[in-house]
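Please find below some notes on the model, set out as numbered points. They are meant to be read with the sequence and the coordinates at hand.

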Amino acid sequence: MSLVWTETVQLPKFSELLGDCKTDVLIIGGGITGILCAYFMEKEGISYILVEADTICSGITKNTTAKITSQHGLIYDKLLRRFGRELTQRYLKLNESAIKEYGKICRNIDCDFEYKDSYVYTSRSLEKIEKEIRALEILGYNAEFENQLDIPVDIMGAVRFHNQAQFHPLKFIAAIAEGLNIYEHTKVTELEKNVAKTNHGNINADKIVVATHFPINNKHGAYFLKMYQSRSYVIALENAGNVNGMYIDEDAKGMSFRNYDNLLFLGGGGHRTGKSGGSWQVLREFADKYYPGAKERYAWAAQDCMTLDGIPYVGTYGKNTHGFYLMSGYNKWGMTSSMVAAQLINDLITKSENIGEALFNPHRTMLRPQLFINGYEAVTNIVRFADKRCPHMGCSLKWNKDEHSWDCPCHGSRFSENGELIDNPATDDLKEKR
């Protein structure tokens with residue numbers, strides 16, 4: 001797949017970490033979450049090391065559509081009913097603060113940062129839009145109702161957030177990663193208390209932060225039950241016009257839109273990893289119908305970790321794992337969530353107050369309907385006969401004919417046709433059956 005972000009920037013290169021070493025904080029994972037975490041620790045003067053098994057942003061980050069917004073679908077009515085006013089206000093405030101922090105950092109960075117309004121629209125249920133507007137009024141946020149948008153979709157209504165943003169994520173990372181204490185091609189193969197074993201030596205760290213998209217350690221936290229992964233698809237169209245904002249359908253089967261340079265990003269076709277879905281086909285059919293003069297320049301897919309309740313997991317990895325942290329479960333909103341998570345972890349390590357600590361606590365209640373769906377998928381795919389099984393927890397793998405990959409419907413690991421690891425939580429390639 002060809003990616004607009006990787007073709008338009010040169011990321012800095014970093015050496016491998018050779019031999020044993022010691023640091024106050026070890027960050028595992030070189031996507032935007034880990035790099036932001038390192039960025040804040042550098043500013044605080046904390047001794048840290050970031051290790052990446054491949055190269056920085058070689059995983060999930062490069063596949064983002066890079067919308068920086070606190071409008072995460074129609075989430076606020078749900079959060080208000082689930083968590084109450086105070087915690088929901090914290091969620092909104094932290095994500096709005098993330099947008100401002102990006103704006104502040106990007107003032108001196110050429111990363112195509114620009115403020116845009118964002119919209120969540122519906123073609124099916126005006127009641128959902130009205131409930132979201134009421135919830136935002138209770139939270140004191142000035143959202144607006146719209147009934148006409150600059151996209152080729154018949155809508156019943158939309159919620160508009162002002163002063164959200166978009167940018168070129170890899171240009172941003174290329175700038176902030178310069179000078180950070182990063183090591184590439186340094187794979188963590190085993191974690192023990194305060195020690196990470198790598199393919200080149202051992203790292204002794206007072207604190208360890210896991211920023212590997214899906215958590216790689218199964219011993220703590222039960223994340224294999226608390227999360228699943230979802231795939232979504234994007235095509236970038238030339239000569240498709242300007243939609244003047246960022247848009248997403250409240251329906252999971254709907255479309256998303258944003259512009260970058262002379263391109264229109266059209267997103268959709270999503271499904272649980274390991275299941276069937278619309279893939280790029282639904283996007284191309286939509287483009288043929290509504291943008292007949294457009295030319296497809298790029299096509300790619302993204303993968304997102306989905307939590308039980310729509311809130312990321314940021315904090316201690318297990319209930320009793322002092323000094324062992326994780327950042328995961330961004331529910332398709334990785335740009336603002338990664339900023340919120342990096343700041344929260346930095347505050348936990350420096351013992352500073354952060355209003356998100358209780359809200360993002362990974363050990364909040366698991367009693368949500370999604371838990372039983374995740375459990376069902378795990379059990380049925382472990383007992384099902386299969387020629388290929390995921391090395392993560394033994395689930396049967398499904399062939400993804402659209403992307404020519406072997407995908408795990410339990411936890412979202414993916415492998416190439418030849419068995420090479422593409423996406424975690426698995427950490428090894430497929431082994432041939434004997």
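1. Contact is used here for heavy atoms within 4.5 Å. On that footing, and bearing in mind that this is a predicted model, Pro 152 touches Phe 257, Phe 286, Tyr 290 and Tyr 291, with residues up to four places away in sequence left out of the list. Pro 152 itself sits in the loop that runs between strand S5 (144-146) and strand S6 (157-166). Of these partners, Phe 286 is 134 residues from Pro 152 in sequence, while the two C-alpha atoms are 9.5 Å apart in space. Because its relative accessible area is 25%, and buried would require under 20%, Pro 152 is classed as partly exposed.

2. The largest nonpolar core holds 84 residues, and the members that touch the most other members are Ile 27, Ile 35, Tyr 102, Phe 167, Phe 172, Ile 173 and Ile 345. Helix H9 (residues 334-350) gives the most to this core, contributing nine residues. As general background, nonpolar side chains in soluble globular proteins tend to be buried together.

3. Tyr 102 deserves a separate look. Leaving aside residues up to four places away in sequence, Tyr 102 touches Ile 32, Leu 36, Ile 68, Phe 113, Phe 167, Phe 172, Met 335, Thr 336, Ser 338 and Met 339.

4. How is helix H9 placed, enclosed or open? Since 15 of its 17 residues are buried, H9 is largely enclosed by the rest of the structure. Its length is also as expected, because 17 residues at 1.5 Å a residue should span 24 Å, and the end C-alpha atoms of H9 are indeed 24 Å apart. Just after H9, Lys 351 takes a positive phi of about 60 degrees.

5. How many salt bridges does the model contain? The count comes to 23, and one of them joins the side chains of Asp 112 and Lys 171, with an N to O distance of 3.1 Å. This pair links distant parts of the chain, 59 residues apart, since Asp 112 lies in the loop between helix H4 (85-106) and strand S4 (114-122), whereas Lys 171 belongs to helix H6 (residues 169-177). Asp 112 counts as partly exposed, at 28% relative accessibility.

6. A salt bridge within a single helix is formed by the side chains of Lys 131 and Glu 127, at 3.6 Å from N to O. Both residues lie in helix H5 (residues 126-138), where they are four residues apart, or about one turn of the helix. An α-helix has 3.6 residues a turn, so residues three or four places apart point the same way. Lys 131 is partly exposed at 33% relative accessibility, and Glu 127 is likewise partly exposed, at 48%.

7. The side chains of Glu 192 and Lys 197 also meet in a salt bridge, with 3.4 Å between N and O. Glu 192 is partly exposed, with a relative accessible area of 39%, and Lys 197 is partly exposed as well, with 28%. Elsewhere, Arg 231, Glu 403, Asp 407, Arg 414 and Asp 423 are linked in a network of salt bridges.

8. On the surface, Val 379, Ile 382 and Val 383 make a nonpolar patch of about 280 Å². Val 379 is placed in helix H10 (residues 369-383). Because its relative accessible area is 52%, and the exposed class begins over 50%, Val 379 is counted as exposed.

How values were computed. Residues numbered from 1 in each chain as written. Predicted model: local features only at pLDDT ≥ 70, side-chain atom pairs only at ≥ 80, totals over all residues. Heavy atoms only, no water. Core = buried A, V, L, I, M, F, W, Y, C linked by side-chain atoms within 4.5 Å. Buried < 20%, exposed > 50% of the residue type's maximum accessible area, 1.4 Å probe, protein only. Helix = DSSP H or I, 4+ residues; strand = E, 2+ residues; numbered from the N terminus. Patch = residues over 30% accessible without salt bridge, like charges linked within 9 Å, V, L, I, M, F, W, Y side chains within 5 Å. Areas by Shrake-Rupley, 256 points an atom, 1.4 Å probe, with all protein chains shown as cover. Salt bridge = Lys/Arg side-chain N within 4 Å of Asp/Glu carboxyl O. Expected span 1.5 Å × (residues − 1).
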